[in-house]
Amino acid sequence: MLPLFAVNNLYAQTPRYEVLPSPDIWYNDVDGILLGVRLKGQVPGTFEDGPHRLEAGFWLSTWFPSLPVSYALTYTEPIEPWSDYGSEANIQLRSSIRTGYHNHGIGFNKRWQQGFDERRYREFSIYNSFEKRFDGEYVHFEPLWSEFNELTQIFSDQSKLLTSLTFELQNDNTLGWYNIQAGTRFQYLNDFFTTATIRATQRVQFNDYFGLRLRGYVGLASENAAPEYLFSRSTRPAIDWMSNAFTRAKGTIPTRWMESGNVHIAGGANVRGYNTRDIASFQFCNSSPTGGELCLTSPNTFNSVASINAELDYWNPIAVLFNDIPYASEFLNFRSYLFFDSGTSLGITDSDPDGAFSNAGAGFSLSLNIPDYLGKPRGFVLRYEIPFWLSDAGDEDSFKFRHLFGFGAVVSF
């Protein structure tokens, strides 16, 4: 047994707080190579589940744009009386200035987990923030951030004061696992507007290799919503591209790939076969709205959408091979599937189009997932898809070979 003075000396040498640095490198077409450092602050031994949690990053842009230094910081403090194992309540402070965008705010988060099973949970959060796009050079498609009328195109760079509420539920039923996510935003500065979305997904697993994935999506935005919050047929709203490091700024995914329309970002209505035509409408001119020729035709976006997505998994030999690899099979997954997507505008404004739009095809995906301590997905999904049929093909044949390379999955759990 250690003498008392030795115990006290050992306690004095144990750090009460630690900040763990790690190098970071990234790229986009405005900053060039970003060299930085990520910092993780925590009480030793708490493993992302203790008090005073800090996540921060600082970067220097090697091409030295107008703002060459950027940062992102999140500080999380649990509320002990409302917290239990896996069911934490916390206050969260966030601040970031990067890729031409301000985001500063404070939020409250609460999670309810059933015992030690992190797959069954409910989560609620409310986040109040100041946000502003101050540099349009970073965006992939400037028209998605621009307002149009008969004479002018105005880039959306107004300050916004937002309240965002989100709720998520995940559990299982007789069919399998399901997930429901709902969110709404209220913007108070300048023109008041609101948005709301709801996503419901259901997995039906027949056996190890055959299964069905279903998803329903509804999105609404009030008539005067900022353009980056509007919906398209094939991909997520432009504001949601900000939440992903690969789509936050142009050039991380090569710009030529994005402009070709053959790269699909999962989300929104996700009627993926219309991605090429939607992307074409997002880049109808090459000049910047801040100087040069004006672009007076708005992109193909609208204020409301409802869609269903279905993917039918079937047996393939590569999946069998992956399943036979010890340990790796827990993290790597290869899927082959047939898909069907269909959507329509709900017509809440006069500018929303009429009629439905659908597609069908086949696809393959490779995913690497190392879940976090709450079991949430943490990795990537790469997809190759062939939407061989469109209900509204325009000047093309409805049946035609088309191909897409995708990032992310429409049903990710």
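Colleague: Which residues do ring pairs link into a cluster with W26?
Modeller: This is a predicted model, and its structure holds 17 aromatic pairs. One of them joins W26 and F246 in an edge-to-face arrangement. Ring pairs extend this into a cluster, in which W26 is linked with F246 and F407.

Colleague: How many residues apart are W26 and F246, and where does each lie?
Modeller: The rings of W26 and F246 form an aromatic pair with centres 5.3 Å apart and planes at 70 degrees. This pair links distant parts of the chain. W26 belongs to strand β1 (residues 18-28), while F246 lies in the loop between β13 and α2 (255-260); their separation is 220 residues.

Colleague: Is F246 buried, partly exposed or exposed?
Modeller: Buried means under 20% relative accessible area, and exposed means over 50%. The partner W26 has a relative accessible area of 34%, so W26 is partly exposed. For F246 the value is 37%, which lies in between the two limits, and F246 is therefore partly exposed.

Colleague: What is the angle between the planes of F141 and W241?
Modeller: A pair of aromatic rings is described by the distance of the centres and the angle of the planes. F141 and W241 form an aromatic pair with 6.5 Å from centre to centre. Planes over 60 degrees apart count as edge-to-face. The pair of F141 and W241 is edge-to-face, with an angle of 80 degrees.

Colleague: How many residues apart in sequence are the parts that the pair of F141 and W241 ties together?
Modeller: Both residues are buried, F141 with a relative accessible area of 4% and W241 with 5% relative accessibility. F141 lies in the loop between β7 (117-133) and β8 (146-148), and W241 in the loop between β13 and α2. The pair therefore ties together parts whose separation in sequence is 100 residues.

Colleague: Which residues touch the most other members of the largest nonpolar core?
Modeller: In soluble globular proteins, nonpolar side chains tend to be buried together. The largest nonpolar core here has 33 residues. Those that touch the most other members are F141, W145, M258 and V305.

Colleague: Which elements give two or more residues to this core?
Modeller: The core in question is the largest nonpolar core, with 33 residues. Two or more of its residues come from each of β13 (211-221), β14 (263-265) and α3 (275-282).

Colleague: With which residues is M258 in contact, leaving aside its neighbours within four places in sequence?
Modeller: M258 is among the core residues that touch the most other members. Once its neighbours within four places in sequence are left aside, the contacts of M258 are H140, F141, W241, I253, V263, I265 and I279.

Colleague: Why do the buried residues of α3 line one face of the helix?
Modeller: The buried residues in α3 are N275, D278, I279, S281 and F282. Seen down the axis of α3, these buried residues fall within a limited arc, so they line one face of the helix. They pack against α2, β14 and β19. The arc that accounts for the single face is 160 degrees.

Colleague: How far apart are the closest N and O atoms of E311 and R272?
Modeller: Side chains of opposite charge can pair when their charged atoms come close. E311 in strand β15 (residues 304-313) and R272 in the loop between β14 and α3 are 39 residues apart, and both are buried. They form a salt bridge in which the closest N and O atoms are separated by 3.0 Å.

Colleague: Over the face of which residue does R272 lie?
Modeller: Besides its salt bridge with E311, R272 takes part in an arrangement with an aromatic ring. R272 is placed 4.2 Å from the ring centre, over the face of F339.

Colleague: Which residues are linked with R272 in a network of salt bridges?
Modeller: The structure has a count of 21 salt bridges. The bridge between E311 and R272 is one of them. The network links R272 with R213, E311, D313, R335, D341, R383 and E385.

Colleague: How many residues apart in sequence are the parts tied together by D392 and R277?
Modeller: The side chains of D392 and R277 meet in a salt bridge with an N to O distance of 4.0 Å. D392 lies in the loop between β18 (379-390) and β19 (404-407), and R277 in helix α3. The pair therefore ties together parts separated in sequence by 115 residues.

Definitions and conventions
Residues numbered from 1 in each chain as written. Heavy atoms only, no water. Core = buried A, V, L, I, M, F, W, Y, C linked by side-chain atoms within 4.5 Å. Buried < 20%, exposed > 50% of the residue type's maximum accessible area, 1.4 Å probe, protein only. Helix = DSSP H or I, 4+ residues; strand = E, 2+ residues; numbered from the N terminus. Contact = heavy atoms within 4.5 Å. Phe/Tyr/Trp six-rings, centres within 6.5 Å; stacked < 30°, edge-to-face > 60°. Lys NZ or Arg CZ within 6 Å of the ring centre and 35° of its normal. Arc of directions from axis to C-beta.
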